[in-house]
Every structure is written in structure tokens, then in C-alpha cells.
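Me: I should like to go through the terms used for this model and see how each is justified. Please set the value against the definition in each case.

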Amino acid sequence: MSLRTTVAVVMFSVLVVFFVSTALMLSFGDPMKTEMDDYIIMHTQNETGTNSGITTVVFDYRGFDTLGEATILFSAVSGVLMIFRRVKN
Amino acid sequence: MSQMSKIVRTLSNIAFPFIMIFGFYVIAHGHLTPGGGFQGGAVVASGCIMLLVAYGSTWVFEKIKVSRLSVFESLGALGFIGVAFFGLLFGGWFFNNFLVRNGILFNIVPKTGSTAAEFNTAGVLPLMNFAVGVKVIAGLFVIVLVMAYASSLKEWKQ
Amino acid sequence: MLFEIVNILLLVLTVSSCILAVVTKDLLVAAIALAAMSLLLSLEFYVLQAPDVAIAEAGVGACLSTAIMIIAIKRTKRMEEE
């Protein structure tokens with residue numbers, strides 16, 4: 001058995017074990033329950049006055065995440081306009 | 001890029017206002033229903049890009065200035081960071097929701113549990129949704145517009 | 001029971017449209033198959049109760065990337081050569 005076949009067999013078995021153990025650990029469509037979920041579901045309407053909890057998490061509790069996303073979009077627009085700057089004239 | 005056939009143009013003319021209304025609804029009701037600035041902005045930019053594909057990029061490129069769209073994109077980013085800095089100024093920390101109980105607008109706090117959706121709630125979140133929506137509309141549209149116009153040029157000088 | 005049936009049906013359709021996008025020789029058919037894959041994936045997100053991600057996926061994946069690919073395909077030959 002050559003080295004490539006050995007590596008391929010080992011990688012394939014690792015992948016199979018990974019996927020099977022993950023599929024056995026969590027049932028599909030039923031996420032793990034944590035304390036953070038309960039805190040956000042219980043306190044989001046009182047603290048921020050929002051009826052949609054996801055918007056509260058995205059813009060208020062995890063606002064820096066959205067700030068990073070805005071930075072990514074800004075740098076993408078800057079890069080595209082800089083690459084195609086010759087188009088304008 | 002030249003424009004497509006008459007069937008495609010007529011169908012996109014019919015579908016365009018509905019996509020616009022749905023996108024602005026998703027942006028404006030971001031604090032009440034699923035969706036928000038990014039999702040609604042992506043829907044509105046999708047409608048504009050449908051017109052871009054149907055009518056050809058040179059026709060759209062003559063109608064709209066790229067620099068103006070870029071200004072809108074920067075204004076959205078500045079509005080988002082500005083609202084966050086107002087939280088630092090009035091409330092004490094970055095991203096503070098300073099309008100939620102004592103502001104003029106958006107100051108109603110609903111009861112905990114399943115309540116009816118009131119538009120006048122949620123503090124600074126509608127302002128942030130609006131800023132991010134303007135930013136995403138202008139950003140995604142200007143990316144595709146410039147790339148489409150660059151692909152439509154006949155000779156590309158090296 | 002209905003939940004599992006809908007899930008399995010949606011995932012099988014998603015994977016089969018991916019395979020269609022890889023196998024076919026027509027580039028426009030491949031772009032449309034990728035759009036269908038993205039739409040089915042957004043439906044799967046909706047079934048799994050994540051409507052935010054579903055709207056974002058439908059807007060970005062099914063419309064924006066398809067528009068970019070169609071604009072690129074119009075400048076090339078449509079059929080892939082052997």
C-alpha cells in the first residue's frame with residue numbers, strides 16, 4: 001500500500017467518524033439549549049423594547065459583529081471601485 | 001451589455017415595484033419581524049440588479065452616477081457608527097441603546113411575552129436598520145454595476 | 001414525521017441541483033441550477049426556523065450571484081467545449 005492510499009484511507013475514516021459522531025450527538029433541527037438563550041428570550045423586551053430578538057442580538061448585544069460586517073462591505077466596495085477606476089473616463 | 005428581449009423587460013417592469021415594496025418593508029419593520037437592514041438591502045439591490053440585467057448596463061450607467069452611490073454607501077457607514085457614538089455620548093458606552101425609555105421617538109417598551117407589534121418601539125435599532133439598509137443597497141448595487149459596465153466595454157486598454 | 005420527510009426531500013433536491021450544476025455542459029443551465037440550489041437552501045433554513053438567514057440567502061445567493069454569473073456568461077460562449 002502506497003503512502004497516498006494510506007493517507008486517503010486515514011482521512012476518509014476520520015471524516016466518517018466525525019460526521020457520524022456529530023450526527024449521533026445532536027438531533028437534526030433541535031439545537032442545544034444554553035443559558036444565554038434563556039437570558040435573551042426573557043430580558044430582550046424589557047431591556048431594549050424590541051419584539052424581534054434576533055435584531056436585538058445583531059444590533060445591540062453583538063453590535064461589534066455588525067460593525068465588522070459593515071467594514072467588510074465598505075472595503076469590498078473600495079476595492080472594486082479601485083480596480084475598475086479606469087472605467088469612469 | 002445590450003438589453004434583453006421584450007418579454008424579459010416587461011416581466012421585470014411588472015415585478016420591480018413589488019420587490020421594492022417588500023425590501024423597504026423588511027428594512028422598516030426590522031425590529032418587529034424577521035429581517036433587518038442587511039436582508040432588506042439585499043432584496044432592494046436584487047430588484048435594481050434585475051433591471052440592470054434586463055436593460056443593459058450602459059443604459060443604467062448613464063442614468064446613475066457611481067460617485068453618488070459611493071457617497072450613499074459612506075453615509076450609511078457614518079450613520080451606523082454615529083449612532084453608536086451617540087450611545088457613548090449619552091449613555092456611557094459604545095452601542096448603548098439610549099433612546100429606549102427616555103427618548104422622543106421609539107420609546108415605548110412592550111410587555112414581556114407575546115404582544116402586538118408596535119412600530120414606535122426599540123430605541124436606536126430602527127435608525128441602525130435604516131443606516132445599514134442604505135449602506136447595503138448602495139454597496140451591492142455599485143459593485144455589480146461597475147463590474148457589468150467594465151465587462152461591456154469593447155476594447156479594454158491595458 | 002412530516003418534518004423529517006420535508007427535510008430529507010429538501011436536502012436531496014439541494015444536492016441533486018448541485019450535481020446538475022457540476023455535470024452540465026451549458027453554463028446558463030449551471031447558473032440557474034446554482035440559483036435553484038440557493039433557493040432550496042433558503043427554504044431549508046426557513047423550515048429550520050431561521051427566517052433571517054433565509055431572506056439573506058434568497059437575496060444574495062439566488063439573485064445577486066446569479067446576476068453576476070449571467071453578466072459574465074453573456075460575454076463568453078454559452079456551451080463548454082470538450
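Me: Why does Gln49(C) count as exposed?

Reply: The relative accessibility of Gln49(C) is 73%. Exposed means over 50% relative accessible area, buried under 20% and partly exposed in between, with a 1.4 Å probe and protein chains only. Gln49(C) therefore counts as exposed. The model is predicted, so local features need pLDDT of at least 70 and side-chain atom pairs pLDDT 80 or more, while totals for chains, interfaces and linings use all residues. Residues are numbered from 1 along each chain as its sequence is written, chains are lettered from A and ligands numbered from 1 in the order in which they are written, and side-chain values use heavy atoms, with hydrogens and water left out.

Me: Where is Gln49(C) found, and what is notable about its phi?

Reply: Gln49(C) is found in the loop between helix 2 and helix 3 (51-73) of chain C. Helices here are DSSP runs of H or I with at least four residues, strands are runs of E with at least two, and both are numbered from the N terminus. The phi of Gln49(C) is near 65 degrees, which is positive although the residue is not glycine. Most residues other than glycine have a negative phi.

Me: What makes Val47(C) partly exposed?

Reply: Its relative accessible area is 22%, and Val47(C) therefore falls between the two cut-offs and is partly exposed. Val47(C) lies in helix 2 (residues 27-47) of chain C. Apart from neighbours within four places in sequence, its contacts are Phe3(C), Val6(C), Asn7(C) and Leu10(C), where contact means heavy atoms within 4.5 Å. Val47(C) and Phe3(C) are 44 residues apart along the chain, and their C-alpha atoms are separated by 8.3 Å.

Me: Why is Ser46(B) called buried, and what does its side chain reach?

Reply: Ser46(B), in helix 2 (residues 37-55) of chain B, has 8% relative accessibility and therefore counts as buried. Its side chain reaches the backbone oxygen of Gly59(C) at 3.2 Å. Leaving aside neighbours within four places in sequence, Ser46(B) is in contact with Gly59(C), Cys63(C) and Leu64(C).

Me: How do you know that Trp59(B) is partly exposed?

Reply: Trp59(B) has 39% relative accessibility, and therefore counts as partly exposed. The residue belongs to helix 3 (residues 57-63) of chain B. Trp59(B) and Tyr149(B), 90 residues apart in sequence, are 9.7 Å apart from C-alpha to C-alpha.

Me: Why are helix 4 of chain A and helix 5 of chain B called roughly parallel?

Reply: Helix 4 (residues 63-83) of chain A and helix 5 (residues 125-152) of chain B pack at about 25 degrees, with their axes 10 Å apart. Axes are lines fitted to C-alpha atoms, for helices over the stretch in contact, and angles run from 0 to 180 degrees between N-to-C directions. Angles under 35 degrees count as roughly parallel, over 145 as roughly antiparallel, 65 to 115 as roughly perpendicular and the rest as oblique. The two helices are therefore roughly parallel to each other.

Me: Which residues of helix 4 of chain A and helix 5 of chain B meet?

Reply: Helix 4 of chain A contributes residues including Leu73(A), Phe74(A) and Val77(A), and helix 5 of chain B contributes, among them, Lys135(B), Gly139(B) and Ile143(B).

Me: How many helices does chain C have?

Reply: Chain C has three helices and zero strands. Of its 82 residues, 35% count as buried.

Notes. A polar contact is a pair of N or O atoms within 3.5 Å; within protein, one must be able to donate a hydrogen and the other to accept it, and residues adjacent in sequence count only if both atoms are side-chain atoms.
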